[in-house]
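Reader: Could you walk me through this model, one question at a time?
Author: Happily; let's look at it together.

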Amino acid sequence: MSDDSRIESVLSEQRVFDPPADFAERCGGAWVESMEVYRELHEASVEDPENFWGAIANELDWFEPWTSVLDWDAPDAKWFVNGKINACYNCVDRLINMGHGDQAALIWEGEPVGEEGPEVRTLTYRELHAEVCRFANGLKSLGVERGDIVTIYMGMVPELTIAVLACARIGAPHSVIFGGFSAAAIADRVEDAKSETIITCDGAWRRGSVVPLKANVDEAMKSTDHVKNVVVLRRCNNEIDMHVGRDHFWSDLVEDQSDECPCEPMDSEDMLFLLYTSGSTGKPKGIMHTTGGYLVHTYLTSRYTFNLRPGQDHVYWCTADVGWITGHSYIIYGILQNHVPTLMYEGAPNHPDPDRFWEIVDRHKVTHFYTAPTAIRAFMKWGEEHPRKHDLSSLCVLGTVGEPINPEAWMWYHRVIGHERCPIVDTWWQTETGGHMITPLPAATPAVPGSCTLPFLGIDAAVVDKEGHELNPNEGGLLVVRKPWPSMLRGIYGDRQRFIDTYFSTVEGMYFAGDSARRDDRGYFWIMGRMDDVINVSGHRLGTMEVESALVSHDAVVEAAVVGMPHEIKGTGIAAFCSLSPAYQADDHLRDVLREHVAKEIGAIAKPDMIRFTDALPKTRSGKIMRRLLRDIAAGKESTGDMTTLEDFSVIASLRGDEE
């Protein structure tokens, strides 16, 4: 194969892993048991979405039925038109009414480990209901009404879930801000949402230290005058300032409240929540999600993607933070609706020791584990000895989320964590999509490491050119969704034109995800990266993901990030930042070895022009590599734009001081 024929695609991956023969037996059955069933369901769901999604929606509880399933006038969708529903009711009350009130809904583990072990709390559906009602009544006593946007800035504690559900119960859209964001980020989001109420904690535990959440809120309040009430949960007992008249302790607010609070019947298209996404330029985008369609989509994707089987002693753990869409959809809303206990963990994966995650899996007998490729690569670097200390035999489904996973990281996950008996669901979706869009189904889809495989039911995804024409296999193009789906974003809060320009102007009539992709000969999707992560080298388009995959496939490289850099001759060159295995020495010889390795895997055109070795890569607090900052470093210029999500500023300082 010539260089030119290879550079438009990701690595040629030939390994195929069929679903384990005993999967259905080990996991209590299978919702979609074969590719034949998947293809029949997918064809029917795309050809007749009203009938397909209407049948799923009927499994939930509605106060009033809808008059039509879908009203679509691109770019605007209305799902389950005129139906009345409540998200909290379907996550909690519905399960109590089904007779499950005394069964576990939420399992929580705190980060600190005392002499008697970590703090663990389990809330049944009935207990969760009582806590949610008391807090919902507390919010109402502060004057919070239906339609008021409530900002939530908390650590990963049970009260975060309680606060989210309480807002949903009374019809107040929530705007959750990740607890790692700065005061400036809080102020920006509060100002945009015009939020008058903030819920926070005194602090949050992270790697044995206290993150000063309340102090960050106080600092943010200097930049906005919208906020009238701040509710503070005591978690770390760190010293905080309380402002009389504005600040209220959670415990005081709920002390005398009733444990009964009626659910507000919400129109299917009423906003359930705002969730802000930040880009390299411009103010954060407030992504709007509504109630009915979002509930239906997260309900079904949770059930089918993870093969959740109520009554099978499943324990589901997503390691994301509720401050991100993954936490909204696949810690709270999607999972609780499916009558499977959802586990929340407060802290870091390596505190106090690198085996903390595997200790949690062992202790709680976790059956479904959903994490990010960045975390998996960190586990690889820390070594196999840590998971080997623990019994991971309870696991039956593994998942990845957040970014494409390198094939070798996939293989490590499959072998070391799944012991080659757990299917891996590599899910592609976004804040804007609300739920899974392209993903394997664990009992049906043969997996190929690095590919998110096939569209979920009801999803009409394609790879097209700018005119909207579908491309041939192995041709890189724009990843689009051609038909509406229930959990799609309904807009950017307060900015209609930005919504249209960002998502519906690139390819007429289609949702453009901002990602480049290709489909292989099987029809499987391969995400090549964000459009601004595609490098044009001497007129050839190279996905950063494929070069990163080539680097990581060498034993020396644990993690790699690839960006474009100015090049005098090529126009754009390739800069690679690599974190190494302890067994290898960072030197010029290894640079040459890695450049030749990439040439062998992809072609000579893909050889990095610069390779820089580093102990760590700049990442957001949610674990995503900030390639924008690496582009600035490679270009030798100062970084601009939003840096509030950067977890460790010393990494940038170290890279700027490094010389190749």
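Reader: Thanks! How many residues of helix 11 are buried?
Author: Good place to begin, and keep in mind that this is a predicted model. Helix 11 is mostly covered. The number of its residues that are buried is 14 of 14.

Reader: What span should helix 11 have, and how far apart are its end C-alpha atoms?
Author: Helix 11 covers residues 292-305, which makes 14 residues. At 1.5 Å a residue, a span of 20 Å is expected. The distance between its end C-alpha atoms agrees with that, at 20 Å.

Reader: Which residue just after helix 11 takes a positive phi?
Author: Just past the helix, the backbone has a phi of about 55 degrees. The residue with this positive value is Asn 307.

Reader: Which strands stand at the edges of the open sheet?
Author: The sheet has 8 strands with mixed pairing, in the order 12-11-8-6-7-14-15-23. An edge strand has a single partner, so one side of it is left without a neighbour in the sheet. That applies to strand 12 (247-249) and strand 23 (491-492).

Reader: Which residue of strand 7 is the bridge partner of Val 150?
Author: Strand 6 (residues 150-153) and strand 7 (residues 174-176) run parallel and are joined by 3 bridges. In strand 7, the partner of Val 150 is His 174.

Reader: Is Ser 175 buried or exposed?
Author: Ser 175 sits in strand 7. Its contacts beyond four places in sequence include Val 150, Ile 152, Leu 274 and Tyr 276. Its relative accessibility is 1%, and the cut-off is under 20%, so Ser 175 counts as buried.

Reader: Which helix lies across strand 7, strand 14 and strand 15?
Author: Strand 14 spans 271-277 and strand 15 spans 285-290. The helix in question is made of residues 325-336 and runs at about 140 degrees to strand 14. It is helix 12.

Reader: And Thr 277, is that buried or exposed?
Author: Thr 277 belongs to strand 14. Leaving aside neighbours within four places in sequence, it touches Pro 284, Lys 285, Ile 287, Thr 431 and Glu 432. With a relative accessibility of 14%, Thr 277 counts as buried.

Reader: Last one: how is helix 18 oriented relative to helix 19?
Author: Val 547, Ala 550 and Leu 551 of helix 18 meet Leu 594, His 597, Val 598 and Glu 601 of helix 19. The two axes come within 9 Å, and the crossing is right-handed. They cross at roughly 120 degrees, which makes helix 18 oblique to helix 19.

Methods:
Residues are numbered from 1 along each chain as its sequence is written. This is a predicted model: local features need pLDDT of at least 70, side-chain atom pairs count only at pLDDT 80 or more; totals for chains, interfaces and linings use all residues. Side-chain values use heavy atoms; hydrogens and water are left out. Two strands pair if DSSP finds at least two bridges between them. Helices (H or I, at least four residues) and strands (E, at least two) are DSSP runs, numbered from the N terminus. Contact means heavy atoms within 4.5 Å. Axes are lines fitted to C-alpha atoms, for helices over the stretch in contact, and angles run from 0 to 180 degrees between N-to-C directions. The expected span of a helix is 1.5 Å times one less than its number of residues. Buried means under 20% relative accessible area, exposed over 50%, partly exposed in between (1.4 Å probe, protein chains only). Angles under 35 degrees count as roughly parallel, over 145 as roughly antiparallel, 65 to 115 as roughly perpendicular and the rest as oblique. A crossing is left-handed if the near helix is turned anticlockwise from the far one by less than a right angle, and right-handed if clockwise.
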